[in-house]
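Visitor: Could you walk me through this model and explain the words you use for it?
Guide: Gladly; here it is.

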Amino acid sequence: MQSLSQFLASGSTSESLQEVLSVTTQTCIEISNALKKGSLAGILGMAGNENVQGEEQKKLDVISNNMLKSALLASPVVRAIASEEEDDIVPAHTDGEYLIAFDPLDGSSNIDINSMVGTIFSIYHQTGTAPATEADFLQPGKNQAAAGYVLYGPSTMLVFTTGNGVSMFTLDVDKGEFVQTQPTVEVPKDTQEFAINMSNQRFWAAPMQSYVTDLISGKEGPREKNFNMRWVAAMVGDVHRILCRGGIFIYPWDNKDPSKPGKLRLMYEANPMGMLIEQAGGKAFTHTDRILDIQPEGIHQRVAVVLGAANEVDTCLSYK
Ligand code: FBP
């Protein structure tokens with residue numbers, strides 16, 4: 001089984017992209033080690049501030065953000081970063097080649113219950129002669145040079161793509177390096193497993209209500225088959241399950257705050273997960289558009305998300 005550095009060196013990945021991926025994943029190994037200490041290191045609980053999304057920050061949101069920020073800003077190939085925990089983009093090296101948008105700790109509501117969380121990253125190749133601006137980041141997800149996540153679960157796993165399929169790596173804690181444990185990943189076209197936060201059902205639009213009602217009506221209903229439900233409350237955990245055994249994940253629009261098109265963020269949640277799912281043969285849409293085609297308007301823009309098994313996504317979107 002090859003290590004991450006051997007895998008990257010053996011393929012067509014440029015040296016500078018290898019550098020960005022190794023700085024990002026090396027820092028995630030440090031985050032994994034910190035997480036394992038938990039309350040022994042006094043890192044659980046609230047940080048006492050709010051981020052630009054108006055969400056209360058957990059201490060580990062801030063700690064993981066600072067670890068990634070300082071490591072990436074120190075790398076000469078990095079042009080700028082954008083993070084869920086940073087109000088604005090942070091320029092790095094004007095002669096750098098890569099822009100990185102990341103969610104330092106996805107699923108942060110799971111931290112204090114010792115459940116699955118993860119780091120999600122999205123990388124664009126972009127050069128310029130002036131310091132980077134937010135406008136440089138506002139490009140469709142289909143332009144991503146690489147995307148992935150590190151899942152902090154029973155084992156720590158790295159899953160990423162550079163546009164040539166998806167690979168999975170497991171952290172060898174003794175060696176402190178990621179080792180490839182699954183060279184290819186394919187999401188089955190059909191599924192009998194869905195993930196959605198059912199407690200929001202009464203706030204969904206009618207088509208989504210009908211779609212989910214038909215799922216839970218099982219084989220006695222119009223879908224003529226039974227569906228199982230799972231909800232990790234961390235997108236990284238739900239998407240990982242889909243990459244492992246299939247399924248559909250939905251975070252739809254709801255009228256709790258009708259002005260918001262969805263809860264999840266385009267740049268560092270929907271785009272990177274959309275690229276992974278498509279590279280594994282699945283589909284990733286809002287209620288109307290292919291996520292990777294969306295022209296972003298802002299780095300913290302929110303979207304509705306319907307992703308996973310290609311035929312099931314089509315079925316979900318066919319409800320009008
Ligand atoms: P953050 O934790 O990074 O803010 O991400 C949002 C998120 O936790 C997703 O990972 C997850 O899918 C969703 O929110 C869970 O939402 P809910 O609280 O409605 O279950």
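The questions below go from the overall chain to one pair of helices.

Visitor: Good to know what I am looking at; what kind of model is this?
Guide: This is a predicted model. The secondary structure of the protein chain comes to eight helices and 17 strands.

Visitor: How do you know that the radius of gyration agrees with a compact globule?
Guide: For 320 residues, the rule of 2.2 Å times the number of residues to the power 0.38 gives a value near 20 Å, and the protein chain has 19 Å, so the two agree. Along the principal axes, its C-alpha trace spans about 60 × 45 × 45 Å.

Visitor: What share of the residues is buried?
Guide: Taking buried as under 20% relative accessible area, 55% of the 320 residues qualify. The protein chain exposes about 13000 Å², and carbon and sulfur atoms supply 50% of that area.

Visitor: Why are helix 6 and helix 7 called roughly parallel?
Guide: Their axes cross at roughly 10°. Angles under 35 degrees count as roughly parallel, and therefore the term fits helix 6 and helix 7. The stretches are residues 235-245 and residues 266-279, and the axes come within 11 Å.

Visitor: Which residues make the contact between helix 6 and helix 7?
Guide: From helix 6 come Met-235, Val-236, Val-239, Ile-242 and Leu-243, which meet Glu-269, Ala-270, Met-273, Leu-276 and Ile-277 of helix 7. By class, that contact has nine nonpolar residues, no polar ones and one charged residue.

Key. Residues numbered from 1 in each chain as written. Predicted model: local features only at pLDDT ≥ 70, side-chain atom pairs only at ≥ 80, totals over all residues. Heavy atoms only, no water. Axes fitted to C-alpha atoms, helices over the stretch in contact; angles between N-to-C directions. Helix = DSSP H or I, 4+ residues; strand = E, 2+ residues; numbered from the N terminus. Parallel < 35°, antiparallel > 145°, perpendicular 65-115°, else oblique. Contact = heavy atoms within 4.5 Å. Nonpolar A, V, L, I, M, F, W, Y, C, P; charged D, E, K, R; others polar. Buried < 20%, exposed > 50% of the residue type's maximum accessible area, 1.4 Å probe, protein only. Areas by Shrake-Rupley, 256 points an atom, 1.4 Å probe, with all protein chains shown as cover.
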